[in-house]
Amino acid sequence: MSRVQGAIGKPPVVTAARGLSLFGEHSAGWFALGLLGAAVDKDRRKDWLVAAGGVVAAHAASIAIKRVVRRPRPDDPSVQVLVGTPSKLSFPSSHATSTTAAAVLFSGLTGRKLVPVLVPPMLLSRLVLGVHYPTDVLAGSALGAVVGGLLRRKLRGGKR
């Protein structure tokens with residue numbers, strides 16, 4: 001993580017990472033986008049609501065796993081912690097989980113490939129901010145992909 005911070009942790013990147021952190025906190029930003037989709041796309045309102053709920057469910061699954069695993073967040077003098085966190089638990093990254101679930105679910109509803117656009121910046125942001133190990137973000141992303149993939153099959157508007 002100190003290498004990531006040293007390589008790309010410049011002020012504009014840290015500012016963007018903090019913005020992503022705020023947006024992804026408790027999956028609230030992704031949930032809000034799902035509700036917006038439900039409001040705008042009346043024909044698939046139920047699917048958007050299921051997707052929004054799926055993002056929250058993925059987040060909840062990551063919290064449950066955190067409480068079982070109980071891995072502490074990085075604590076190394078070479079790593080700067082650049083944002084506050086709601087807990088001291090690290091594995092898996094809930095931001096990575098909910099972002100990946102949202103990208104998978106919303107991709108199916110929009111017909112756009114959102115995973116490569118949304119997921120890498122969020123995963124990198126957690127490393128830049130010094131609050132996760134690489135395995136935390138990879139595991140979180142995998143969990144979000146599983147939850148999102150399972151729910152996406154149930155969406156009327158989703159590509160299967």
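In this predicted model, Phe106 counts as buried because its relative accessibility is 5%, below the 20% cut-off. Its ring pairs with that of Trp48. The two centres lie 5.4 Å apart, and the planes meet at 45 degrees, a tilted arrangement. Trp48 is buried as well, at 8% relative accessibility. The pair joins distant parts of the chain. Trp48 belongs to helix α4 (residues 45-69), whereas Phe106 belongs to helix α5 (residues 94-110). They are 58 residues apart.

The structure holds two aromatic pairs. Besides the one just described, Phe23 and Trp30 form an edge-to-face pair. Here the centre-to-centre distance is 4.8 Å, with 90 degrees between the planes. Trp30 is buried, at 6% relative accessibility. Phe23 is partly exposed, at 31%.

Helix α7 spans residues 134-152, 19 residues in total. From first C-alpha to last it reaches 26 Å, close to the expected 27 Å. Its buried residues are Asp136, Val137, Gly140, Ser141, Leu143, Gly144, Val147, Gly148 and Arg152. Viewed down the axis of α7, these residues fall within an arc of 165 degrees, so they line one face of the helix. An α-helix has 3.6 residues a turn, so residues three or four places apart point the same way. Leu138 and Val146 are exposed on the other side of α7. The buried residues of α7 are covered by elements including α4, α5 and α6 (115-128). Two of these elements, α4 and α5, also carry Trp48 and Phe106, respectively.

Conventions:
Residues numbered from 1 in each chain as written. Predicted model: local features only at pLDDT ≥ 70, side-chain atom pairs only at ≥ 80, totals over all residues. Heavy atoms only, no water. Phe/Tyr/Trp six-rings, centres within 6.5 Å; stacked < 30°, edge-to-face > 60°. Buried < 20%, exposed > 50% of the residue type's maximum accessible area, 1.4 Å probe, protein only. Helix = DSSP H or I, 4+ residues; strand = E, 2+ residues; numbered from the N terminus. Expected span 1.5 Å × (residues − 1). Arc of directions from axis to C-beta. Contact = heavy atoms within 4.5 Å.
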